[in-house]
Amino acid sequence: MQQVIVPAKQQGQAASISQATFALAFIIGPALASPLYFVVGPVIAVLINAVSFVISALCLRAIRASKELLQPRIAEAAATTVPESAVGAVLREMLVGFRFVAKTRVLLMVVVLALIAMLGAGAINALDIIFVSRNLHVSASLYGPLAAVGGAGTLIGAILAGIVISRVQPRYMLTGSVFLLGVGLVIYAFQSWYLLALILAFIMSIPQGGIDVGFTPLLLGATPNAMIGRVQSVIETSMFATSLLSVALAGYFGQFVPVSIIFAIGGALIALAGVFGWFSLPGETAAQP
């Protein structure tokens, strides 16, 4: 949708705003979650969360853009597509996306980068709360402030990335941010003092704010409007599948490998993804509409 609404030269700044908004939610969410839970109870808290999704859906519904721009091939598809099952249609569209990604070097390298990174990130996400209790030696309830300061770091990083994106190639913004995040996670993995972990969580989250700011222009620059949905589905499906594998491996090895070692390996994989992308991503190529 962003490639339709936002001019190409402003897509980096738009991604910065999007990432900053996401980070702001990470700051406000944990801060409100505990008070809501204890003041009004879990049922009301979950209902408030559900209402927030309804508001998001209404905001999307209010976007003013023509159907032809948002779905550039819908008229053609309606005229030429033979009726088929919903599952068949999804699989066919995903296959088209896989083929396009496979023959587009920028997207293929981004996918490989993402898979390497998610192999480490999935394990870290799965063991986050366990790390707080076992390695930082505090109650798991203090995970909320860690998430909040991480969101604050991401917010600042997104703002800074939005300022400099016009002077930095998106591929360097993406890969540099991924690398620095990975290095930060390796350092964070060996912390045992909660206060220092809070400080490091803030610092290492700053590069995270630049990831989407670098990724979005790369994706939109290499993908025609008609293929955006298919390509995003390929990238996200691949990332979630790899993350699921990472979670399973973390659960297995976590039985006899210290959580700090798993965290460090996960951070090293993310840093490796950044190095891989730095040297493998080609120069920017403009996609045909």
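**A salt-bridge network and a helical core**

The side chains of R230 and E93 meet in a salt bridge, with N and O 2.5 Å apart. R230 sits in helix α11 (residues 228–253) and E93 in helix α5 (residues 86–103), so this pair ties together parts of the protein that are 137 residues apart in sequence. The model is a predicted one, and the distances quoted here should be read as computed from it. E93 has a second partner as well: R92 forms a salt bridge with E93, and here the closest N and O atoms are 3.1 Å apart. Through shared partners, R92, E93 and R230 end up in one network. A search of the whole structure turns up 2 salt bridges.

How covered are the three members of this network? R230 is buried, at a relative accessible area of 14%, which puts it under the 20% cut-off for that class. E93 comes out at 23% relative accessibility, so it counts as partly exposed. R92, at 34%, likewise counts as partly exposed.

Zooming out, the fold is simple to write down. The protein has 12 helices and 0 strands, so the element string from the N terminus on is just α-α-α-α-α-α-α-α-α-α-α-α. Of its 289 residues, 38% count as buried. The accessible surface comes to about 15800 Å², and carbon and sulfur atoms own 72% of that area. As for how the chain meets itself, take the contacts with a separation of 6 or more: 85% of them are between residues 24 or more positions apart.

Next comes the interior. The largest nonpolar core holds 46 residues, and those with the most contacts inside it are L136, L146, Y188, V231 and F263. Which helices feed this core? At least two residues each come from α5, α6 (105–134), α8 (170–188), α9 (194–205), α10, α11 and α12 (259–280). Helix α6 gives the largest share, 15 residues. F263, one of the residues with the most contacts inside the core, gives a feel for the local environment. Leaving out neighbours within four places in sequence, F263 is in contact with I124, L127, D128, F131, Y188 and A189.

Helix α6 has another residue worth a look, I116. The C-alpha atoms of I116 and G266 are 9.6 Å apart in space, while the two residues are 150 apart in sequence. If residues up to four places away in sequence are not counted, I116 touches L269, L272, A273 and F276.

Helix α10 (residues 209–222) is mostly covered, with 10 of its 14 residues buried. The buried set is made up of G209, G210, V213, G214, T216, P217, L218, L219, L220 and A222. What packs against this helix? One partner is α8, whose axis comes within 7 Å of that of α10, the two crossing at roughly 150°. The crossing is left-handed. On the α8 side the contact is made by P170, R171, M173, L174, S177, V178 and L181, and on the α10 side by G210, I211, V213, G214, F215, P217 and L218.

Another partner of α10 is α6, packed at an angle of about 145° with the axes 9 Å apart. Here too α6 passes α10 in a left-handed crossing. In this case V106, L107 and V110 of α6 meet F215, L218, L219 and A222 of α10. L218 and F215 of α10 thus turn up in the contact with α8 and again in the contact with α6.

One backbone oddity rounds off the picture. Most residues other than glycine have a negative phi. H137 goes against that habit: its phi is positive, about 60°, although it is not a glycine. Where does H137 lie? This residue is in the loop between α6 and α7 (143–164). H137 is at 57% relative accessibility, so it counts as exposed.

Notes
Residues numbered from 1 in each chain as written. Predicted model: local features only at pLDDT ≥ 70, side-chain atom pairs only at ≥ 80, totals over all residues. Heavy atoms only, no water. Salt bridge = Lys/Arg side-chain N within 4 Å of Asp/Glu carboxyl O. Buried < 20%, exposed > 50% of the residue type's maximum accessible area, 1.4 Å probe, protein only. Helix = DSSP H or I, 4+ residues; strand = E, 2+ residues; numbered from the N terminus. Contact = heavy atoms within 4.5 Å. Areas by Shrake-Rupley, 256 points an atom, 1.4 Å probe, with all protein chains shown as cover. Core = buried A, V, L, I, M, F, W, Y, C linked by side-chain atoms within 4.5 Å. Axes fitted to C-alpha atoms, helices over the stretch in contact; angles between N-to-C directions. Left-handed = near helix turned anticlockwise from the far one by under 90°.
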